[in-house]
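Student: I should like to learn how the features of a protein model are read. Could we work through one example together?

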Amino acid sequence: VQLQASGGGLVQAGGSLRLSCAASGRTFSTYVMGWFRQAPGKEREFVAAIKRDAPTTQYADSVKGRFTISRDSAKNTWNLQMNSLKPEDTAVYFCAARGTNWHYNLPPRQSYRYDYWGQGTQVTVSS
């Protein structure tokens, strides 16, 4: 499975951006889709995730109420709508997918539970 992220850019604080991730290859084996981010000098952190077969989502507390993850299973794509952006949201954003089924209600937050990763897209929020 190959993942391609797009949609990053430069935006002022309070603005919005929409990230997209497209999966190709063995896309039937993408059971959970997620987004992570990594700021300079920091570890990669969970942002949001959604299950493929149910509209169950999970968000990091820092983005809850501002970001929305969605997916189009038929098109093997998922998006991250980011509103009310803050300078602390500045990071490289990575899309990720889990290649095996996830039987718990909420999608996982841990990066090691994801098998496929996109190349990352830069999001910069200016103050």
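**Reading the model**

Tutor: Let us start with a single residue: A13 is found in the loop between β2 (9-12) and β3 (17-24). This is a predicted model, in which local features need pLDDT of at least 70 and side-chain atom pairs count only at pLDDT 80 or more, while totals for chains, interfaces and linings use all residues. Residues are numbered from 1 along each chain as its sequence is written, and side-chain values use heavy atoms, with hydrogens and water left out.

Student: How are the strands assigned, and how many helices and strands are there in the chain?

Tutor: Helices (H or I, at least four residues) and strands (E, at least two) are DSSP runs, numbered from the N terminus. The chain has zero helices and eleven strands. Its elements, read from the N terminus, are β-β-β-β-β-β-β-β-β-β-β. The radius of gyration of the chain is 13 Å, close to the 14 Å that the globule rule gives for 127 residues, so the chain is as compact as a globular protein of that length. That radius is taken over C-alpha atoms, and the globule rule is 2.2 Å times the number of residues to the power 0.38. Along its principal axes, the C-alpha trace spans about 40 × 25 × 25 Å.

Student: Is A13 buried or exposed, or does it fall in between?

Tutor: Buried means under 20% relative accessible area, exposed over 50%, and partly exposed in between (1.4 Å probe, protein chains only). A13 counts as partly exposed because its relative accessibility is 41%. Over the whole chain, buried residues make up 46% of the 127 residues.

Student: Which residues is A13 in contact with, leaving aside its neighbours within four places in sequence?

Tutor: Contact means heavy atoms within 4.5 Å. With those neighbours left aside, A13 is in contact with L85, P87, V125, S126 and S127. By comparison with position along the chain, A13 and Q38 are 25 residues apart, and their C-alpha atoms are separated by 18 Å. Of the contacts in the chain with a separation of 6 or more, 59% are accounted for by residues 24 or more positions apart.

Student: Where is N79 found, and which side chain does a polar contact join to that of N79?

Tutor: A polar contact is a pair of N or O atoms within 3.5 Å; within protein, one must be able to donate a hydrogen and the other to accept it, and residues adjacent in sequence count only if both atoms are side-chain atoms. N79 is found in strand β8 (residues 77-82), and a polar contact of 2.7 Å joins its side chain to that of S20. At 14% relative accessibility, N79 counts as buried. Residues up to four places away in sequence not being counted, N79 touches R18, L19, S20, W35, T68, I69 and S70.

Student: Which loop holds T56, and what are its contacts?

Tutor: T56 lies in the loop between β5 (45-51) and β6 (57-59). Its relative accessibility is 17%, so T56 counts as buried. Apart from neighbours within four places in sequence, T56 is in contact with A49, I50, K51, N105, L106 and P107.

Student: What is the phi of N76, and what is that of S84?

Tutor: N76, which is not a glycine, has a positive phi of about 55 degrees; N76 is found in the loop between β7 (67-72) and β8. S84, also a residue other than glycine, has a positive phi near 50 degrees. The place of S84 is in the loop between β8 and β9 (91-98), and at 40% relative accessibility S84 counts as partly exposed.
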